[in-house]
Amino acid sequence: MELYGNKTSANADMRLYRALSAGDLPAAWLIKNISKENPASLFNRGLCLFGLGEWEKSLAELKRAEQLLGSPSEIDISERTFFIKALSESERLYLLPLDPESSADCARYALIRVRWLEALCLDNLGRNAEAAAIKRFLSQYKIEL
């Protein structure tokens with residue numbers, strides 16, 4: 001009997017998400033390499049690496065997530081005000097993992113979260129010029145670093 005399941009299990013993305021949600025960084029570290037190549041899981045791998053101070057490696061994962069997300073449609077104008085309010089009400093939102101089972105209607109939100117963590121990585125690496133464009137993007141959602 002395997003206590004934690006098969007290493008190559010199809011649910012590795014959810015296990016990574018649950019480990020990060022629980023704040024279990026050691027478990028996330030062990031799971032991170034068997035998750036799939038989808039934006040949420042790439043973000044979660046980047047989040048794991050960010051938590052360990054591996055900003056350059058985190059940034060690489062986040063850039064791949066951003067490429068996969070492409071340019072998702074903007075949040076509907078009728079929802080934007082409440083969305084921005086929800087962002088501002090959430091403390092340390094950038095440290096929460098993304099649900100790999102979230103729907104396509106959350107793609108813009110995923111992009112915001114990916115770019116937010118990218119900016120934090122760049123700040124930690126002292127690459128302020130690169131971070132500037134991302135910070136301008138984030139400022140339209142009232143996110144200040």
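Colleague: Where should I start: which residues in H3 meet which residues in H6?

Modeller: Phe 43, Gly 46, Leu 47 and Phe 50 in H3 meet Arg 113, Val 114, Leu 117, Leu 120, Cys 121 and Asn 124 in H6. Contact means heavy atoms within 4.5 Å, and helices are DSSP runs (H or I, at least four residues) numbered from the N terminus. By class, seven residues of this H3 and H6 contact are nonpolar, two polar and one charged. Nonpolar means Ala, Val, Leu, Ile, Met, Phe, Trp, Tyr, Cys and Pro; charged means Asp, Glu, Lys and Arg; the others, Gly among them, are polar.

This is a predicted model, where local features need pLDDT of at least 70 and side-chain atom pairs count only at pLDDT 80 or more, while totals for chains, interfaces and linings use all residues. Residues are numbered from 1 along each chain as its sequence is written, and side-chain values use heavy atoms, with hydrogens and water left out.

Colleague: At what angle do H3 and H6 pack?

Modeller: Look at the axes, lines fitted to C-alpha atoms over the stretch in contact, with angles from 0 to 180 degrees between N-to-C directions. H3 (residues 39–51) and H6 (residues 107–124) pack at about 30°, their axes 11 Å apart. H3 and H6 are therefore roughly parallel (angles under 35 degrees; over 145 is roughly antiparallel, 65 to 115 roughly perpendicular, the rest oblique).

Colleague: And how do H4 and H6 cross?

Modeller: The axes of H4 (residues 55–69) and H6 come within 9 Å and cross at roughly 155°. That makes H4 roughly antiparallel to H6. On the H4 side you'll find Trp 55, Leu 59 and Leu 62, among others, and on the H6 side residues including Ala 107, Ala 110 and Val 114. This contact has 12 nonpolar, two polar and four charged residues.

Colleague: What about H6 and H7?

Modeller: Here the axes of H6 and H7 (residues 128–139) come within 9 Å and cross at roughly 150°. That makes H6 roughly antiparallel to H7. Among the residues in contact are Arg 108, Trp 116 and Asp 123 of H6, and Glu 130, Lys 135 and Phe 137 of H7. The H6 and H7 contact divides into nine nonpolar, one polar and six charged residues.

Colleague: How much space lies in the second largest pocket?

Modeller: About 200 Å³. A pocket is found on a 1 Å grid over the protein atoms alone: an open set of points for a 1.4 Å probe, with protein on both sides within 12 Å along at least five of seven lines, and lining residues have an atom within 4 Å of a point. Of the 14 lining residues, Pro 39, Ala 40, Asp 99, Ser 102 and Ala 110 are the closest to its centre.

Colleague: Which helix gives the largest share of that lining?

Modeller: H6, with three residues. H3 and H6 each supply at least two. The lining divides into 10 nonpolar, three polar and one charged.

How values were computed:
Grid points are joined across faces, edges and corners, and a volume is the space filled by probe spheres set on the points.
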